[in-house]
Amino acid sequence: FEPRYRILIAHVMKHFSVEAKSGGTIDPHNNLMNNGKMPQFIYEHHPKLMRSAPAYIVEVKSCVIYQNGRADVILVPVAKVAIETIHEIPNTGQLFYARVLRLSKSAVRRSEARNSMVLRRSLNVDPNDLALAGLYDDDDDDDDSESGSD
């Protein structure tokens, strides 16, 4: 667990109870911010983080943070997004804050159809595998996703 990931998970989980950070239930309605949101961050799997790169918002479903800062986590992707802006966080070993645009369902389908084989071939990675990448800037509560069926 790289030092930057220790910083990331500590930051993402900072408003949640000791129980939630010890493998207990993560209750979105029982956090210090009382915002009803699960802990989330951006996962981006390309070698170079850049504007417009596809990424995922992932949610922490389970978390155990050990005394030395290492952590075991279970993550689930909740939205496909495109990076809009990126800012490196000083002294974190290359963690970034990013603002993202949520992709519509039809844009996700087009992107996946076009990039699925290329991603698997060029990166030799299953797009469903998750790793830690950056912090999610969720300043606005706008939901840009499409509603209804597509």
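# A tour from the loop at Gln 94

Begin by selecting Gln 94, which counts as partly exposed at 47% relative accessibility, where buried means under 20% relative accessible area, exposed means over 50%, and partly exposed lies in between (1.4 Å probe, protein chains only). The structure on your screen is a predicted model, in which local features need pLDDT of at least 70 and side-chain atom pairs count only at pLDDT 80 or more, while totals for chains, interfaces and linings use all residues. Residues are numbered from 1 along each chain as its sequence is written, and side-chain values use heavy atoms, with hydrogens and water left out.

**The loop between E3 and E4**

Stay with Gln 94, which sits in the loop between E3 and E4, and notice that its phi is near 80°, a positive value in a residue other than glycine. Then select Asn 91, which lies in the loop between E3 and E4 and has a positive phi near 60°, although it is not glycine either. Asn 91 counts as exposed, with a relative accessibility of 80%. The two strands beside this loop form a hairpin with five residues between them.

**The whole chain**

Now zoom out and colour the chain by secondary structure, which comes to two helices and five strands; these are DSSP runs (H or I, at least four residues, for helices; E, at least two, for strands), numbered from the N terminus. Followed from the N terminus, the order of the elements is α-β-β-β-β-α-β. Of the 150 residues in the protein chain, 37% are buried. The chain exposes about 9100 Å², of which carbon and sulfur atoms supply 49%, the areas coming from the Shrake-Rupley method with a 1.4 Å probe, and for residues only the protein chains shown count as cover. If you look at contacts (heavy atoms within 4.5 Å) between residues at least 6 apart in sequence, 55% of them join residues at least 24 apart.

**Strands E2, E3 and E4**

Select residues 54–65 and 71–89 together, and you have E2 and E3, which pair in the antiparallel sense over eleven bridges; two strands pair if DSSP finds at least two bridges between them. To see one of these bridges, show Ala 55, whose partner in E3 is Val 81. Keep Val 81 selected and look to the other strand, since its bridge partner in E4 is Arg 102. E4 covers residues 95–102, and eight bridges join it to E3, the two strands running antiparallel. Another place to look is Thr 85, which stands opposite Arg 99 in E4.

Next, follow the chain from E2 into E3, where the hairpin has five residues between the strands and Gly 69 takes a positive phi near 95°.

Which residues does Ser 62 touch, not counting residues up to four places away in sequence? Select Ser 62, which lies in strand E2, and then show Ile 26, Asp 72, Val 73 and Ile 74, which are the residues it touches. Ser 62 and Val 73 are eleven residues apart in sequence, yet their C-alpha atoms are 5.4 Å apart in space.

From there, move to Ile 74, which has its place in strand E3, and add Val 76 and Val 78, which with Ile 74 make a nonpolar surface patch of about 220 Å². Patches are made of residues with over 30% relative accessible area and no salt bridge, with like charges joined within 9 Å and nonpolar side chains (Val, Leu, Ile, Met, Phe, Trp, Tyr) within 5 Å.

**An aromatic pair**

How many aromatic pairs does the count come to? The count comes to one aromatic pair, where rings of Phe, Tyr and Trp (its six-membered ring) pair if their centres lie within 6.5 Å, and planes under 30 degrees apart count as stacked, over 60 as edge-to-face and the rest as tilted. Select Tyr 43 and Tyr 56, which form a stacked pair at 6.4 Å centre to centre, with 25° between the planes. Tyr 43 lies in strand E1 (residues 40–43) and Tyr 56 in strand E2, so the pair ties together parts that are 13 residues apart in sequence. Tyr 43 is buried, at 4% relative accessibility, and Tyr 56 is also buried, at 14%.

**Two salt bridges**

Side chains of opposite charge can pair when their charged atoms come close. A search of the whole structure finds two salt bridges, each being a side-chain nitrogen of Lys or Arg within 4 Å of a carboxyl oxygen of Asp or Glu. Select Lys 61 and Glu 59, whose closest N and O atoms are 2.7 Å apart; Lys 61 is partly exposed at 39% relative accessibility, whereas Glu 59 is buried at 11%. Finish at Arg 4 and Glu 2, whose side chains meet in a salt bridge of 2.9 Å, N to O. Here Arg 4 is buried, with a relative accessible area of 19%, and Glu 2 is partly exposed, at 39% relative accessibility.
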